[in-house]
Amino acid sequence: MLIDKDFKEIISFQVLSLIGGLFAGTLLSIYTDKLLLIPGMLIILPGFMEMRGNISGSMAARLTSGMFIGVVKPNNLNVKIVKGNVFASFTLAIIVSLVLGLVAFVFNYIMLGIVVPKIILIPLIAGIFANGIEIILTLYFTFYTFNHGYNPDNIMGSFVTTTGDVTSILALLFTVMII
Amino acid sequence: MILKSHLQHLKKVKHRKYHKIIREMKHEGFSRKTLLYLKEYGPHTNVPRTIIRESINILIFASIISSLGGFALENIKEVFITLTPLVILLPVLNGMVGNYGTIISSRFTTLLHEGKIKSNWHKNIELNNLFAKIILISVIIAILSASVALVISNLTGTAVNITTIYKILIIAVLDMLILVFILFFVAISAGLYFFKKGEDPDNFLIPITTSIADLGNMLLLALLVMLMF
């Protein structure tokens, strides 16, 4: 039968991640003049939003595997493997944000013939804000869900997608305002 | 003692060769995950360096692929930003299609590892069932998300006429349907290729399908907007 437990599980998680996406999209539509009108912003946006899932989602998966194996203790954050994961995730976020900014800068220069240096700074600064928040949230909820008897592998994917969409747009907005 | 010697042996194995050793050592009663984890993040390893070294290339690749899709939308930006429901839908559709990429990839690799996928994979009942489910879910979620986006757009002061409502609904459904077909095709072809090569498709399929999902979504949205508006 098509509509079974599996079907219901997939559709419920999709509805959950829909909420974060709609919230992010609404912010995007309200602040279109501040965000989308910046040349190259649509080039940054998909990669910038995907980064949260790729980096924090992978971190959650690695820590979960470690907890199931017993290498990571669910009540001790101050160990080499946890600190190493946080440091690596943050470093990766900064590198990828910089790459995104450079790609958009090059596009603006080659295709539109304009030089917009702030398109490099926007994803870089927003990446620091968004990942700073998202990595802490991911770390806390991975341990929290595990300690409460849930399998973080089943929860953290949707959690990271939903919260990541919102933190990404808020961080971009905040950065554009301060720049 | 047996465990210790095996783990010592595993520690010395070059990274690119670990898949084959893991397959051999599965017969010793260790799970693949345990062996891989100890090899990558065990004592005497530099955890951040291992993670950064292994992730950086695929992350940069995925970001550049996603940006390519943005080029298409950037070129029709003037039309796109006037369509408020589509601006609201952009992160939703990107997220949804990425999730389908992850679900399809992980389910297909599980079927491969379980030995359920033979040469006549198109006749596999579980795979056909998954395809039917994802198609049905993608249509339901596309209609639901487009309807909510239209309501939000109306509430935030950008009302659209009935023709635009139909067009937005058609764009959302077509975008999802076409991408699900592409994602299944890519996951099956790439999954079979890596599996036959002796590599673990788990390490490649999700980044590949999610990047293609992002790129495909932006390109298709740009194409559909150009055709319909």
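Visitor: Why is A:Phe174 called partly exposed?

Guide: The word depends on relative accessible area, where under 20% is buried, over 50% is exposed, and what lies in between is partly exposed (1.4 Å probe, protein chains only). A:Phe174 has a value of 42%, which falls in between, and therefore counts as partly exposed. A:Phe129, at 34%, is also partly exposed by this rule. Please keep in mind that this is a predicted model, in which local features need pLDDT of at least 70 and side-chain atom pairs count only at pLDDT 80 or more, while totals for chains, interfaces and linings use all residues; side-chain values use heavy atoms, leaving out hydrogens and water, residues are numbered from 1 along each chain as its sequence is written, and chains are lettered from A and ligands numbered from 1 in the order in which they are written.

Visitor: What makes A:Phe129 and A:Phe174 an edge-to-face pair?

Guide: The structure holds 10 aromatic pairs over all chains. Rings of Phe, Tyr and Trp (its six-membered ring) pair if their centres lie within 6.5 Å, and planes under 30 degrees apart are stacked, over 60 edge-to-face, and the rest tilted. A:Phe129 and A:Phe174 are 5.1 Å apart centre to centre with 75° between the planes, so both conditions are met and the pair is edge-to-face. The pair links distant parts of the chain, from helix α4 (residues 118–147) of chain A, which holds A:Phe129, to helix α5 (residues 152–178) of chain A, which holds A:Phe174, 45 residues apart. Another edge-to-face pair is formed by B:Tyr193 and B:Phe194, with 5.3 Å between centres and 70° between planes.

Visitor: How do you know that B:Ser211 is buried?

Guide: Its relative accessible area is 1%, which is under 20%, and so B:Ser211 counts as buried. B:Ser211 belongs to helix α9 (residues 205–228) of chain B, a helix here being a DSSP run of H or I with at least four residues, a strand a run of E with at least two, both numbered from the N terminus. Not counting residues up to four places away in sequence, B:Ser211 touches A:Glu50, B:Ala62 and B:Ile65, where contact means heavy atoms within 4.5 Å.

Visitor: What makes the link between B:Asn94 and B:Asn217 a polar contact?

Guide: A polar contact is a pair of N or O atoms within 3.5 Å; within protein, one must be able to donate a hydrogen and the other to accept it, and residues adjacent in sequence count only if both atoms are side-chain atoms. The side chains of B:Asn94 and B:Asn217 meet at 2.5 Å, which is within that limit, so the pair is listed as a polar contact. B:Asn94 lies in helix α6 of chain B and is buried, at 11% relative accessible area.

Visitor: Why is the pairing of A:Asp6 with B:Arg107 called a salt bridge?

Guide: A salt bridge is a side-chain nitrogen of Lys or Arg within 4 Å of a carboxyl oxygen of Asp or Glu. The closest N and O atoms of A:Asp6 and B:Arg107 are 2.9 Å apart, so the pair meets the rule. This pair crosses between chains, from helix α1 (residues 5–30) of chain A to helix α6 of chain B. B:Arg107 is partly exposed, with a relative accessible area of 28%.

Visitor: How do you know that B:Lys133 is buried?

Guide: At 4% relative accessibility, B:Lys133 is under the 20% limit and therefore counts as buried. Salt bridges that share partners join A:Asp4, A:Asp6, B:Arg107 and B:Lys133 into one network. Within it, the side chains of A:Asp6 and B:Lys133 meet at 3.1 Å, N to O.

Visitor: What makes up the side of chain B that touches chain A?

Guide: Across the interface of chain B and chain A the rule finds 11 residue pairs in polar contact, both residues being at pLDDT 80 or more. Helices α3 (32–41), α4 (47–75), α5 (77–80), α6 (84–113), α7 (125–155) and α9 of chain B each supply at least two residues of this side, and α4(B) gives the most, with 18 residues. The residues of this side divide into 36 nonpolar, 17 polar and six charged, where Ala, Val, Leu, Ile, Met, Phe, Trp, Tyr, Cys and Pro are nonpolar, Asp, Glu, Lys and Arg charged, and the others, Gly among them, polar.
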